[in-house]
Each structure stands twice: as C-alpha cells, then as structure tokens.
Amino acid sequence: MTRQCEIAWFSALCDDDYEFLGVPDPQLQSSWEHCRNIVLRAEEGGFDNILLPSGYQLGLDTTVFAAAMAPMLQRMKLLWATRIGEDWPPQLARRIATLDRILGPNAEGTAGRLNVNIISSDMPGQSMPGGPRYGRATEVMKIVRALLNGESIDHQGEHYQLTLDPPRVTTISGKCPPFYFGGLSHEARECAAEACDVYLMWPDTIDKVRENIADLTARAAKYGRSLKFGYRVHVIVRETEEEARQYADRLLSKLDDEAGRAIREKSLDAKNYGVQRQAELRSAAGGDGFVEDNLWTGIGRARSGCGAAIVGTPDQVLAKLRAYQDEGIEAFILSGYPHVNECDMFARYVLPHIEHGPLKFD
C-alpha cells in the first residue's frame, strides 16, 4: 500500500548553514541571496513545502523574507514560522491573510499555499514560565483561527481580552491555514492537542516517536480533535553507506567542542524540553554517534534544536522515512549541510521514489 506524505525542505534563515559544522562560512551565512537560492532550489527539486524558521537573535526576518519570496514561487507551499511572544493576534491574522494572498492559490485553486509554524516564544528580553507561555500560544491559535475563519470574536482569556470583527482581507480559501506546532513538555503537548493541526517532532528513536504519537492522539481526543504528525530531521544521502558515514564524519572534522557548545546555547530556546531530549539522544548513542539504525546524532554537537540526521544510501533513507510513516508520520521537514547541496542529493536520489504531496485537511 502506498501512502502519500508531505516532503518539505528548510531554508537557513537563522545562520545555520555550514560545510563544516561550527565553522562559519561567509558564503553560507543567512543572506537574502543565499536563503532565496535554497528556496528556489527546493521548488525546482520538487519539494512540497519549505520551512522558513524564525529566531530573534539569528539571521533574517521571516515575514519580510516570505513576502519577498512568495511571487517567485509557482507551486511550493511556505511553512512560515512566527514567534508568538513577538506578535499580537489581530495583527498576526491580518499578516497571515496577506501572505496567503501574495503566495497565491494551489494547483486546484481551492486554497492558498501558506502554512504557519507557531513558536511559543518569549518576548525578547523577557522570560515567561512554560505554563503561561503555552497558555498564551493556545489563546493566540484560537483567536487567529476564528478571525481567519471569518468569525467575530469575544475572547476573554487570561492573556487576551478582545472583541473584534474579522479582518477585511481574508485568505484565499476563507479559512485559517493549518498550524504546525511542536513541544515536549506537558504544557506544550496540551497546547498542541487543543489548538494546532500538525504536531511536529524533532529526531527521536522509533519507539519514542510511537509513544509521542499515541500520547498526542489521546490528548487531542479529549478536546474532540485529531492531529496530523510531522517529523523534522536532517539527512545525508549518498550512493553507498560508507560514503554517507564518511560525509557525516567530515561535517564534524573541524568542530571545536567549545564552539559547538556556544552554538547550542545561543538560541533563546536552548533550555527547553525538546533541546534536552536531543542531548539525551546524543548521550545514548554509540561511539559512532548512531542511536539506532541510520539515525546519527552528531549534528546536535553544533546545533540547538533538531540535532540528528538520517544517514545512508537512498534505499536506507527511504526505508527509514517509511518506518516513520508506519508509525503515523505524514509530513517530513528535511535539511542537510550545505542546504543547497543536500537538497539536490535528496531530490535526485530519494524524492522520486516517494509518493508525496501537500498535506490535505478537511
């Protein structure tokens, strides 16, 4: 039985592109030109979607970049990340509707091509405990969804008290685009279960992926909801397994451990549950950095957040993706170093063998 999944790539807006991990390369830093080229290459390669990440201290502004890219794309969707701590719900709703209009309709003309990655961030310079912060993110998703679904709202919550009509500018479909969202703490899981559409996971072992999907499915059911599941991971695909492992070793060959630690800690989100779990994976890995078949944790030595890669031949990478599909993953957000090069490798060797397309929602 074949199952369609969504395959996305990643544009390195947050100063996260290297030939050698931990060694800054002026040619690969987050510039408009470099990040634009990654996006255009991903569309040319046949990817369905591309994540535009957001970091307060890192790289380019995601909203401005998305608006500039949208007219250049003919087919691919944008997964635009927004940090809740830096926004105001009515303005966010209007911004989403405007970006959706600029990006234009899907091939069927039935909906837009914008997806939204909600990040439950602090306000820069401030720190909010996890419980209230995720409570705020839940309120934001509910408010924005109602406004973009054309509903007037009278919202009297802990964080927002708003009585508003919907914005005049609507999305192409007249509906709110899907919210992609991730987090491992109890509060983050409850937020996802109550308000998002696609729950995203960072790399983990197959048994932990299975456990997380079961947990989130049960939590969503309590709210009368169902979720789709996505998986964010790096890839290294080569014609032979030896070549793939050699390339992984090469990526780390110039890494200074202190420089790697500094990179891991420079993100505002460097202490959250997900980052801690990535550190646990590295600790559990063998001496070669592999924590299970073809899942290599070495990337996490020089990266906060998503810290592992699927490493192997085209057949091995494909088998690993299908194993995640068997557990219920329907969307993959992939990346590799350097991003344009690995995008080409995956598009050439793996993507033609996957039945893929944008996620569909009722």
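**Figure 1. The largest nonpolar core of the predicted model and the residues around Phe47**. The largest nonpolar core holds 94 residues, and Trp9, Phe47 and Phe346 are the members that touch the most others. Helix α4, residues 130-148, gives the most to this core, contributing nine residues. Another core lies apart from it, made up of 16 residues that include Ile236, Leu252, Trp296 and Ala309. In soluble globular proteins, nonpolar side chains tend to be buried together. Leaving aside residues up to four places away in sequence, Phe47 touches Ile7, Ala8, Trp9, Ala42, Arg75, Met76, Cys343, Phe346, Ala347 and Leu351. Two of these contacts, Trp9 and Phe346, are named with Phe47 among the core members that touch the most others.

**Figure 2. The hairpin of strands β5 and β6**. Strand β5 covers residues 153-156 and strand β6 covers residues 161-164; the two pair in the antiparallel sense over four bridges. Four residues lie between the strands of this hairpin. The side chains of β5 alternate along the strand. Ile153 and His155 point to one face and are buried, whereas Asp154 and Gln156 point to the other face and are not buried. His155 has Leu162 of β6 as its bridge partner.

**Figure 3. Parallel pairing of strands β4, β7 and β8**. Strand β4, residues 114-119, runs parallel to β7 and is joined to it by three bridges. Strand β7 in turn runs parallel to β8, again with three bridges between them. Phe181 of β7 stands opposite Ile118. The bridge partner of Phe181 in β8 is Tyr199. Phe181 thus appears in the pairing with β4 and in the pairing with β8.

**Figure 4. Helix α5 and its surroundings**. Helix α5 spans residues 186-195 and is mostly covered, with seven of its ten residues buried. The buried residues are Ala188, Arg189, Glu190, Cys191, Ala192, Ala193 and Ala195. They pack against helix α4, strand β7 (179-182), strand β8 and helix α6.

**Figure 5. Arg219 of helix α6**. Arg219 belongs to helix α6, which runs over residues 206-222. Arg219 counts as buried because its relative accessibility is 13%, below the cut-off of 20%. Outside the residues up to four places away in sequence, Arg219 touches His186, Arg189, Glu190 and Ala193. Of these contacts, Arg189, Glu190 and Ala193 are among the buried residues of α5. Arg219 and Asp87 are separated by 132 residues in sequence and by 27 Å in space, C-alpha to C-alpha.

**Figure 6. Asp204 in the loop between β8 and α6**. Asp204 is found in the loop that links strand β8 (198-201) and helix α6. With a relative accessible area of 3%, Asp204 is buried. Not counting residues up to four places away in sequence, Asp204 touches Val209, Tyr231, Arg277, Leu281, Glu292, Leu295 and Tyr324.

**Figure 7. Two residues with positive phi, Asp15 and Asn294**. Asp15 is not a glycine, but its phi is positive, near 55 degrees. Asp15 lies in the loop between strand β1 (6-10) and helix α1 (32-45). Its relative accessibility is 29%, so Asp15 counts as partly exposed. Asn294, also not a glycine, has a positive phi of about 65 degrees. The loop that holds Asn294 runs between strands β10 (290-292) and β11 (295-296). Asn294 is buried, with a relative accessible area of 14%.

**Figure 8. The cis peptide bond before Pro338**. The peptide bond from Tyr337 to Pro338 is cis, and its omega is near -25 degrees. Pro338 is found in the loop between strand β13 (331-335) and helix α11 (339-349).

**Figure 9. The second largest pocket**. The volume of the second largest pocket is about 990 Å³. It is lined by 31 residues, of which Pro178, Leu359, Lys360, Phe361 and Asp362 are the closest to the pocket centre. By residue type, the lining of this pocket divides into ten nonpolar, eight polar and 13 charged residues.

Note on methods: Residues are numbered from 1 along each chain as its sequence is written. This is a predicted model: local features need pLDDT of at least 70, side-chain atom pairs count only at pLDDT 80 or more; totals for chains, interfaces and linings use all residues. Side-chain values use heavy atoms; hydrogens and water are left out. A nonpolar core is a set of buried Ala, Val, Leu, Ile, Met, Phe, Trp, Tyr and Cys residues joined through side-chain atoms within 4.5 Å. Buried means under 20% relative accessible area, exposed over 50%, partly exposed in between (1.4 Å probe, protein chains only). Contact means heavy atoms within 4.5 Å. Two strands pair if DSSP finds at least two bridges between them. On a 1 Å grid over the protein atoms alone, a cavity is a set of points where a 1.4 Å probe fits but cannot get out, and a pocket is an open set with protein on both sides within 12 Å along at least five of seven lines; lining residues have an atom within 4 Å of a point. Grid points are joined across faces, edges and corners, and a volume is the space filled by probe spheres set on the points. Ala, Val, Leu, Ile, Met, Phe, Trp, Tyr, Cys and Pro count as nonpolar, Asp, Glu, Lys and Arg as charged, and the others, Gly among them, as polar.
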